[in-house]
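Hi everyone, thanks for making time. I'd like to walk you through a few pieces of one structure, so let me put it up on the screen.

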There are 4 protein chains.
Amino acid sequence: MSRCPHTLNYHAMAPHPVVELTSEASWNLIEDRFTPYGKETLAKLVYFLQDEILPSVKLAHAQLPKDPVQRWKTVIPVIEELKVKARKLGLWNLFLSKTHYPEHGVPLTNVEYAVMAEILGRGGHLASEAVNCSAPDTGNMEVIARYGSPEQQKKWLVPLLNGEIRSAFAMTERFVSSSDARNIKTSIKREGDEIVINGHKWWISGAGDPRTKLHLVMGKSDPDNANVYQQQSVVIVPADAPGVKIIRPMEIFGYDDAPEGHCEVIYENVRVPVGNLVLGWGRGFEIIQGRLGPGRIHHCMRSIGAASRALDLMIERVTDPTRNTFDKFLYQHGTVVAEIARSRAEIESARLLVMSAALQIDKQRAKGALKEIGIAKFVVPAMACGVVDRAMQAYGAEGLSQDQELASMFAQLRTLRLADGPDEVHIQQVGQRELKRAPGLHKRAAELKEKEFAVLSKAGIKAHL
Amino acid sequence: MSRCPHTLNYHAMAPHPVVELTSEASWNLIEDRFTPYGKETLAKLVYFLQDEILPSVKLAHAQLPKDPVQRWKTVIPVIEELKVKARKLGLWNLFLSKTHYPEHGVPLTNVEYAVMAEILGRGGHLASEAVNCSAPDTGNMEVIARYGSPEQQKKWLVPLLNGEIRSAFAMTERFVSSSDARNIKTSIKREGDEIVINGHKWWISGAGDPRTKLHLVMGKSDPDNANVYQQQSVVIVPADAPGVKIIRPMEIFGYDDAPEGHCEVIYENVRVPVGNLVLGWGRGFEIIQGRLGPGRIHHCMRSIGAASRALDLMIERVTDPTRNTFDKFLYQHGTVVAEIARSRAEIESARLLVMSAALQIDKQRAKGALKEIGIAKFVVPAMACGVVDRAMQAYGAEGLSQDQELASMFAQLRTLRLADGPDEVHIQQVGQRELKRAPGLHKRAAELKEKEFAVLSKAGIKAHL
Amino acid sequence: MSRCPHTLNYHAMAPHPVVELTSEASWNLIEDRFTPYGKETLAKLVYFLQDEILPSVKLAHAQLPKDPVQRWKTVIPVIEELKVKARKLGLWNLFLSKTHYPEHGVPLTNVEYAVMAEILGRGGHLASEAVNCSAPDTGNMEVIARYGSPEQQKKWLVPLLNGEIRSAFAMTERFVSSSDARNIKTSIKREGDEIVINGHKWWISGAGDPRTKLHLVMGKSDPDNANVYQQQSVVIVPADAPGVKIIRPMEIFGYDDAPEGHCEVIYENVRVPVGNLVLGWGRGFEIIQGRLGPGRIHHCMRSIGAASRALDLMIERVTDPTRNTFDKFLYQHGTVVAEIARSRAEIESARLLVMSAALQIDKQRAKGALKEIGIAKFVVPAMACGVVDRAMQAYGAEGLSQDQELASMFAQLRTLRLADGPDEVHIQQVGQRELKRAPGLHKRAAELKEKEFAVLSKAGIKAHL
Amino acid sequence: MSRCPHTLNYHAMAPHPVVELTSEASWNLIEDRFTPYGKETLAKLVYFLQDEILPSVKLAHAQLPKDPVQRWKTVIPVIEELKVKARKLGLWNLFLSKTHYPEHGVPLTNVEYAVMAEILGRGGHLASEAVNCSAPDTGNMEVIARYGSPEQQKKWLVPLLNGEIRSAFAMTERFVSSSDARNIKTSIKREGDEIVINGHKWWISGAGDPRTKLHLVMGKSDPDNANVYQQQSVVIVPADAPGVKIIRPMEIFGYDDAPEGHCEVIYENVRVPVGNLVLGWGRGFEIIQGRLGPGRIHHCMRSIGAASRALDLMIERVTDPTRNTFDKFLYQHGTVVAEIARSRAEIESARLLVMSAALQIDKQRAKGALKEIGIAKFVVPAMACGVVDRAMQAYGAEGLSQDQELASMFAQLRTLRLADGPDEVHIQQVGQRELKRAPGLHKRAAELKEKEFAVLSKAGIKAHL
């Protein structure tokens with residue numbers, strides 16, 4: 001193994017690569033929750049990011065044709081090369097924790113993967129894809145690993161785990177407020193040995209990719225069920241099934257995110273075998289609930305990585321002597337130093353929030369960490385948008401352009417304030433959860449008042465009512 | 001003229017169209033500063049926006065090819081049609097005030113045009129171009145009208161005023177911090193009867209447009225002049241002069257803003273006759289100073305129009321019964337009503353700030369309104385970004401997409417926090433201007449202390465030191 | 001009158017005193033709405049503030065005993081002296097507009113008084129009281145002037161207008177959420193020729209003052225009335241009536257605001273003649289509605305005066321050479337200049353908001369200005385708290401202490417975010433008012449869609465649905 | 001020991017008292033850093049807070065006379081009783097870590113005490129004093145324990161550790177910007193066997209207390225020393241030494257914080273023996289530097305306790321059915337739920353920041369935790385002020401009054417944005433520290449550019465310059 005520097009003992013490496021890329025204090029807080037394997041993997045990942053991923057970002061960009069048709073038919077070569085290298089290094093499927101997925105998972109906890117997700121977040125989409133940890137494949141693999149039949153796992157999960165194919169998750173619908181999943185209208189009906197799907201979806205990430213071979217489609221199989229949470233089912237639809245129509249790519253601030261894309265898709269009388277039903281009739285809601293927990297934390301940690309990268313870029317710019325104005329460095333003007341300090345403080349506290357949520361998931365599963373996940377979900381992407389916005393401002397117009405990664409970073413982060421529930425939903429849920437403490441607080445307040453009264457009476461003082 | 005409803009008496013129109021599109025209270029504040037002509041023109045503009053411009057936005061979009069080459073060779077037909085209609089209605093060159101440009105201007109004050117600019121801001125780029133009031137042509141026309149020779153005016157100003165050609169203003173340079181204009185490196189040298197230009201510019205708005213026939217190029221003609229404000233000159237460069245190389249369009253977020261664009265341009269040994277020098281050698285700084293004053297206010301008012309439009313869209317969405325979630329209208333959830341109230345308050349106060357600045361320009365010219373212009377410049381675009389951001393959030397992912405105008409509106413507004421000086425520069429200037437009040441304040445404080453002491457002494461009370 | 005410099009022609013005064021104390025641009029916006037009398041009065045007020053009121057603040061403080069009993073029995077001598085001077089100068093009852101109160105009012109519009117209220121706001125409580133424009137007397141005088149019987153006016157209004165007595169307004173109740181006025185519990189019953197009042201109020205401003213001779217008490221006279229807005233009545237209660245019990249002064253952040261105070265008051269079987277009923281049985285709600293409109297604007301303008309004063313103090317401090325740290329002026333550190341710029345921008349826009357509301361009241365009465373009043377109400381006090389907070393920070397611990405006026409200014413301003421309805425109520429009302437525009441917006445959007453479709457069809461383009 | 005419930009096994013207690021008072025997730029993050037002794041002590045402290053301290057707050061208030069003279073001569077009986085109880089329970093001097101103070105300290109780490117400080121923060125000043133952990137005594141004990149001579153320790157430290165006497169720390173000076181400690185003017189001169197002190201200090205906490213027996217006075221003993229950090233010395237001055245003149249109590253907002261107070265003190269020719277010099281001549285700067293590190297973290301954790309308490313109070317109020325308005329609970333109005341969610345998120349992330357800083361201190365001492373301490377210092381008190389402000393708003397005017405602890409809590413927290421360096425100083429320091437990463441970032445960026453170029457070249461693509 002002497003050829004590969006990434007197998008060096010983690011502690012021997014200097015300078016400490018994680019501390020450099022995250023923060024010494026937050027590392028200290030969770031270092032002893034890392035196994036030797038976790039540390040080794042993290043160290044490899046850091047080097048892989050710096051040596052392989054980041055230097056390839058511009059090439060990946062260049063290998064994507066500008067032509068509006070061709071760009072959707074392209075498999076970007078450098079990504080496939082990076083995937084081969086990553087897998088050889090054992091940097092593969094890091095998101096899938098052995099604890100929850102004994103068969104296919106890697107021996108990493110949520111806390112461990114959280115730190116790695118921050119590192120990945122510095123490399124954008126390319127980094128996550130290179131190590132086979134990119135949405136929506138991650139959630140889809142979790143779904144099939146947890147709920148899929150052996151046949152489904154063999155046919156779809158294995159090639160996904162191998163990074164041979166990609167996948168889409170089709171939930172959001174056009175003309176429907178999908179932050180309330182009960183509004184979904186796509187119809188899923190059994191006809192003999194087949195399931196017939198009809199629906200109009202959009203924002204289907206991955207649907208544009210030539211490598212995508214399946215869509216997990218959520219729809220209503222029992223729309224009249226009295227229990228509104230048992231009306232839905234999830235079906236696996238081959239991407240090339242007749243009736244699957246990719247209408248157009250949706251754009252985010254002008255970006256089409258080809259070749260993956262976020263497409264508008266119509267399912268018109270699509271027929272699949274009944275064996276493609278996942279888990280069982282009426283269990284769609286259960287499936288999407290299970291799909292969302294840790295994934296949100298991973299998005300948050302990647303956002304923190306992005307924000308950290310943006311802050312680094314900002315510091316580079318404001319200390320660049322070729323950018324002086326009025327005989328001063330940019331950082332010597334106005335509020336720049338204060339904005340850097342605030343950004344640093346916000347990144348540190350956001351990271352701690354997400355780490356705390358990740359640990360809570362490790363201890364109590366996602367269900368016992370809903371408050372922490374909810375807080376992270378509404379705090380972190382908004383925070384990251386703010387940090388990136390400040391960095392853009394420091395770069396002037398260049399910061400908004402294709403010459404810097406900041407504007408596309410902002411666009412990605414901005415979607416996270418909506419994806420998996422808009423900020424507002426999470427804010428309300430966290431607030432409502434707090435309100436549940438009210439009875440306990442009223443009880444304690446009543447007890448306190450009683451004791452207070454006793455203490456005052458004993459001292460001969462008449463309490464003001 | 002009975003065919004044209006726009007000549008109807010302004011006061012007879014119901015419902016009051018300006019009040020509907022701006023606000024009754026702010027209209028009341030400045031109504032009596034409008035001449036009958038101003039009111040008439042405003043009324044026409046409102047109808048023209050609603051009847052002609054807004055219904056044409058999607059068509060203009062559709063008429064722009066997606067092909068990355070063709071889109072830069074296109075003159076969008078509907079824009080040219082709208083220009084013809086607008087001119088017939090007298091909605092033409094409204095930005096050019098007769099007060100300052102007696103020959104070519106229209107009889108409107110800054111206050112009057114400010115209100116119209118807000119209306120235009122609701123129609124985006126299309127609206128401004130339809131009435132020949134779009135940057136950078138506006139500023140360029142002002143420059144040539146004020147500083148150009150009769151020959152220059154005849155050759156360039158007249159077709160610009162007629163909307164027959166377009167133009168670019170080339171100041172910002174690549175690899176240079178251009179918020180300090182003294183950093184500019186482009187070389188402008190006289191060689192015999194010619195001027196030779198060499199430089200590397202970018203963010204040259206309009207340079208991509210096939211109709212653009214001239215660039216106003218700012219560069220250094222006397223880089224060793226002890227007075228750093230006399231080193232620069234401005235030259236008119238025909239767009240098709242040999243050596244003018246359009247390198248690429250810069251993108252803002254993912255938008256290229258074709259066909260106008262914001263291009264990277266290299267001027268390589270470009271030669272023009274000496275007669276193309278504007279105003280005189282070493283007077284470039286003077287020219288750009290004069291160019292920036294009222295233009296900033298116009299940008300601000302358009303931003304307010306954009307924010308108003310965004311708020312309208314937000315209200316439409318949150319009251320749309322087809323968008324209900326959890327059996328409630330969107331507006332019945334969480335903080336939506338409060339965000340609408342805050343947006344309204346911010347729009348109202350921003351409008352008042354800009355109106356106050358416009359009036360100050362009318363009374364004291366731009367020089368006497370620097371404080372007001374500076375405040376508007378750093379308050380308004382940031383405010384508008386915030387309002388649009390809330391509206392995007394209400395629309396979910398659709399709000400970030402090409403199906404709504406919000407995301408591109410955000411991108412445009414975001415550039416205004418950088419164009420004509422980043423927010424930070426204006427904040428510092430306004431702050432420094434406040435500090436100039438210090439001597440007066442110290443003097444008054446000393447007088448007060450003296451009187452205070454006298455009052456206390458007279459009352460027999462020893463002042464605590 | 002040659003003895004009095006305040007009768008000098010306003011325009012002859014240099015430097016322009018109002019512009020110095022407010023802002024040139026906002027003055028320009030409303031100058032031509034001032035009558036010569038208005039300008040004259042404003043000029044006198046400015047000089048009176050600087051020459052008489054501000055130098056007396058410390059003396060007024062010193063003349064108030066620290067003893068917890070004596071301070072509530074004190075009439076501060078310098079205030080009474082200032083009142084005599086003010087009245088001689090014609091600076092008296094400026095809040096009472098002749099337009100609405102032809103008999104007792106002064107010939108000033110709301111816009112004119114708004115500017116004066118800002119000036120008064122720089123002098124704190126002392127200034128308002130010196131010119132007989134201090135709450136709650138102002139509102140009480142308006143009530144009795146508008147709704148009182150001739151006997152009530154003779155007995156109570158005349159001495160109030162003369163500044164001979166003071167008054168209290170008793171609405172807020174202990175143990176009751178009084179932001180919903182319908183919750184009020186105080187009982188007002190007729191028994192023969194008498195009215196019997198029983199209730200438990202608090203935060204009764206003025207109730208502590210030895211000069212206070214009457215309380216206007218709001219209570220329920222008809223609690224079972226089906227119309228919840230006709231259950232209430234207002235009665236004049238002499239301050240010395242048997243059964244009126246001042247329980248204790250309420251404190252605001254540690255301040256008791258003696259001698260006026262904000263007291264807890266119990267009315268226990270208080271009996272007054274039926275002639276003390278104001279306006280009529282069941283008309284209490286109508287009375288308090290009428291009482292609140294313009295008063296809110298006056299509070300807002302005083303807040304702007306306070307904020308302006310705080311900003312002046314901040315500028316004085318950060319430019320004070322004796323306060324240098326690390327060899328720099330305070331303003332040369334960190335974000336100080338930016339905070340000053342932001343404060344200036346916030347003050348300017350807040351002033352414009354209130355002026356616009358005041359003008360709207362002049363044009364449409366308070367009812368037609370509810371949006372503008374509501375916006376001002378939730379924007380201005382919060383803004384002023386923020387500006388004062390920054391100024392406190394610049395002064396260090398001294399800024400929080402009795403040696404500067406900032407901390408008590410903050411406490412006063414903080415109450416204004418609650419008085420006359422908490423911010424939240426006004427935010428909701430402004431938001432709801434915006435939502436009322438929804439039907440119009442939906443209608444216009446539908447029309448636009450139709451036109452858009454026609455335009456696209458005509459051009460042979462099939463609109464994307 | 002069966003009499004004392006506080007010796008019960010910590011884990012047997014239900015419901016888990018710390019989790020209830022702090023948060024499960026943050027407790028999970030640091031639980032395994034607690035020794036059994038740490039857990040036991042924490043459990044006792046929680047019960048002591050609830051059973052003894054909180055019920056005594058009003059009594060302590062009542063036992064303080066209102067008379068402006070007597071209140072400064074009072075030893076509040078209930079505090080002394082609580083001290084006796086606390087000491088018996090082993091809840092004593094918890095701030096003094098055995099790690100750093102082997103002789104006098106308790107076996108608690110900074111992380112352990114941090115959690116306890118949050119608990120203390122819920123009980124305000126009374127809680128900290130009851131367990132002998134209140135400033136400025138804590139810092140003074142640390143100074144004498146670390147730097148004091150055996151005689152000084154015997155005479156002053158022992159009674160301080162026993163809670164028999166109190167102390168003051170005299171650094172801040174009137175008319176001097178003390179955020180730059182080099183500005184200090186107080187003179188400390190040796191004359192024979194005596195030291196003579198002359199100076200004018202203010203904001204000397206504890207100087208008003210009748211139990212205070214010593215002042216640690218910082219001044220200049222060698223003002224001409226070329227090394228500006230060796231000009232200062234610290235001397236112990238007995239509180240009753242001739243020439244120690246307590247001028248007046250400073251107020252914070254309207255609070256005098258009697259009997260402790262924050263006094264203006266003049267030292268006029270005060271003479272003490274040379275043995276009262278601490279550590280050595282010219283070592284004053286070293287002493288104050290050592291005094292400030294962990295103390296800042298303790299203040300921060302107490303602030304978090306205060307904020308948590310305020311949020312609890314807010315939740316109590318908005319769920320109180322007697323406070324309904326317009327037929328709704330307060331929490332059903334407007335933005336209340338969102339504000340609660342935000343407050344919760346801010347408290348959680350602030351707590352994590354401080355815990356992370358405390359752990360960093362445990363690992364790297366204060367010197368290795370400057371970034372973390374700095375961030376906590378400028379984030380936490382401002383956050384806590386915000387949370388308390390929202391709670392005040394929910395309580396209406398009552399929230400600003402003496403009937404709720406919120407307003408005085410706000411005043412205390414507001415001082416923490418200034419004490420031990422204003423926010424601005426810490427923001428600048430954290431920002432400057434970030435800028436030190438610039439060389440490393442530039443180096444890595446250069447390397448990345450090189451690799452990127454190699455990657456592109458290898459792929460045959462010419463990089464855009």
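**An annotated region, a strand and a helix**

Let's start with the record: UniProt, in an unreviewed entry, lists residues 77-164 of chain A as "domain: Acyl-CoA dehydrogenase/oxidase N-terminal". Please keep in mind that what you see is a predicted model. Across residues 77-164 of chain A, the chain is 61% helix and 0% strand. The C-alpha atoms at the two ends of that stretch are 13 Å apart.

Now over to chain B, and to strand β4, residues 212-220. Which strands pair with β4(B), and in which sense? On the one hand there is strand β1 of chain B, residues 166-170, which pairs with β4(B) in the parallel sense over 5 bridges. If you want a spot to zoom in on, R166(B) is opposite T212(B) of β4(B). On the other hand, strand β5 of chain B, residues 232-238, pairs with β4(B) in the antiparallel sense, over 7 bridges. There, L214(B) has P238(B) of β5(B) as its bridge partner. As for the surroundings, 8 of the 9 residues of β4(B) are buried, so the rest of the structure largely encloses this strand.

Last stop, chain C. Helix α11, residues 370-395, has 26 residues. From first C-alpha to last, α11(C) reaches 38 Å, close to the 38 Å expected at 1.5 Å a residue. Is α11(C) largely enclosed or exposed? Largely enclosed by the rest of the structure, because 23 of its 26 residues are buried. And just after α11(C) comes G396(C), with a positive phi of about 65°.

That's my tour, thanks for listening!

Conventions
Residues numbered from 1 in each chain as written. Chains lettered and ligands numbered in written order. Predicted model: local features only at pLDDT ≥ 70, side-chain atom pairs only at ≥ 80, totals over all residues. UniProt positions renumbered as here; feature names shortened; annotations may be inferred. Helix = DSSP H or I, 4+ residues; strand = E, 2+ residues; numbered from the N terminus. Buried ≥ 20, exposed ≤ 12 C-beta atoms within 10 Å, placed from the backbone. Pairing = 2+ DSSP bridges. Expected span 1.5 Å × (residues − 1).
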